[in-house]
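This short report is meant for someone meeting the structure for the first time. It begins with a single residue and then turns to nonpolar cores and charged pairs.

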Amino acid sequence: MWPSRITTSRLRRSAIDFTASGTNRCIRTLFLPTAHPKSRKFPLNAISNTQYRTKSDSTSATINGTAYQTDSWFNTPQSVIDKVPRRLHLQQDHPISITRQIIQSVFPAPTYKYHNEFEPVVTTHQNFDSLGFPKDHPGRAKSDTYYLNSHTLLRTHTSAHQADVFRANLSDGYLISADVYRRDEVDHSHYPVFHQMEGARSWDRAKVANGDVAAAILSDLEKLPSHNVQVQDPNPPFHDQRNPRQAEHHSPAEAEAIAAHLKKSLELMVVDIFTRAKAAAIKADPNFVDEPLQVRWIEAYFPFTSPSWELEVYYAGEWLEVLGCGVVKQDLYINAGVPNQLGWAFGIGLDRIAMLLFQIPDIRLFWSQDDRFLKQFKGVSDDLSSLKLFVPFSKYPGCPKDVSFWLKSTSSAGGSIKANARDFHENDVMEIVRCVAGDVVEDVKLVDEFTHPKTGKKSMCYRINYRSLERTLTNTEVNTLHEQVNGALVEKLGVEIR
């Protein structure tokens, strides 16, 4: 899978700054009038414990009007299914959609065809097998991926459509933008639904003059615009041990030409993105320190490209990992029925770029339907030059609650040494908290672990920080939600609350 999380402390600092002025406690009276506590309905996307269930007693799940048979692999909660129709990457004036538009503008039609409406339900073959993922790859685990049944899932990356687009062969290049789904930790930069863009550019040996693909690629490279950004690229285009070319398919000249076209294309993309980010920052703060933009290429590994790289950008005082890319594995073209083609591909996380571009400190805000958020970007889709930074409208206090529990002794993590012992996975805790409390939860962190010296039983303690983006929560609300979380942990994981 392409990297979808920007590695930087900048986003963490933004989240801290966003809430720094809020008192770290709940209020004891309601901010808004409500009914009696026993009859109160929890707003803010909170989900009751009964709604947590993935309807395992049902034999099917319906997504975008299509019913899918479920089996023992089904682990997709209704709260995730309910978000499928939102399609933020196509919502006018939404930061995710604006970010998509900006990137598309760097890869113009008709050379690049845009695919923005692929359905999110794919097969395990599309998501993993077609891309060369090993059978034991951790991304296949139920702890990481939302399954409908043993052979059908919610895509975990836009690369799930790569082979199909190659097979259709409708254009020399393409961009795929879509919502993708993964079980993950709970914090300000992770969400079970996020957005990616996949891009590729191919050349056909049978269609270029004299079959000289390298010459054709270099000719196209000369047509690309120039930029004046400093680029650090100390490594060779490929390395037989660290970052090998596909010697059985590509000559050294072809591999080098593809790498050069790929890098120049993606450099132009990030230059455009971060030039816009700087312009918005200067507009918001005339005293903004405008440091020269720098980019650097890092050798990497991905199952479906070789050689491969990650692109990092030096912005606002630190290096940010922005995207992954590489020369497409020739087997993908061969299996797609276009063996004469060769080229490059990349993947980028739209949410992370949008958080940097607009200085949005919490990924939950993208799902807000509060006009105080949405109206800030009105008109930007029609005029990308009017982009401006997000202005925080709330700094409501958080309310931390701890939950401690003993793991089941029958699990390997809980002390069992049996070969068939079920492993405890932290993502199961995260999923339960998300499904019970929804977007009311800001983050969940493991704060303590303890193994009993005599029994060998293991205890875990997690701190759940309840913080609404829209109003101040009360102790009564949070206590009720926390009790539901505890109950769901006992019911679903069989733990013993301490």
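In which helix is A437 found? In this predicted model, A437 belongs to helix 12, which covers residues 426-437. A437 is buried, because its relative accessibility of 0% is under the 20% cut-off. Measuring from C-alpha to C-alpha, A437 and T480 are 10.0 Å apart in space, although 43 residues separate them in sequence.

**Nonpolar cores**

The largest nonpolar core holds 80 residues, and within it L266, M269 and F366 touch the most other members. Helix 8, residues 252-284, gives the most to this core, contributing 13 residues. A second core, separate from that one, has 27 residues, among them C399, V403, M430 and V444. When neighbours within four places in sequence are left aside, the contacts of F366 include L88, H94, P95, D351 and F373.

**Salt bridges**

In the whole structure, 21 salt bridges are found, and three of these pairs are listed here.

| Pair | Closest N to O distance |
|---|---|
| K135 and D129 | 3.3 Å |
| R140 and D129 | 2.7 Å |
| D428 and R183 | 3.0 Å |

D428 lies in helix 12, whereas R183 sits in the loop between strand 7 (173-181) and strand 8 (193-204), so their salt bridge ties together parts that are 245 residues apart in sequence. Both D428 and R183 are buried. Through shared partners, salt bridges also join D129, K135 and R140 into one network. Within that network, K135 is exposed, with a relative accessible area of 67%, D129 is partly exposed at 28%, and R140 counts as buried at 12%.

Definitions and conventions
Residues numbered from 1 in each chain as written. Predicted model: local features only at pLDDT ≥ 70, side-chain atom pairs only at ≥ 80, totals over all residues. Heavy atoms only, no water. Core = buried A, V, L, I, M, F, W, Y, C linked by side-chain atoms within 4.5 Å. Buried < 20%, exposed > 50% of the residue type's maximum accessible area, 1.4 Å probe, protein only. Helix = DSSP H or I, 4+ residues; strand = E, 2+ residues; numbered from the N terminus. Contact = heavy atoms within 4.5 Å. Salt bridge = Lys/Arg side-chain N within 4 Å of Asp/Glu carboxyl O.
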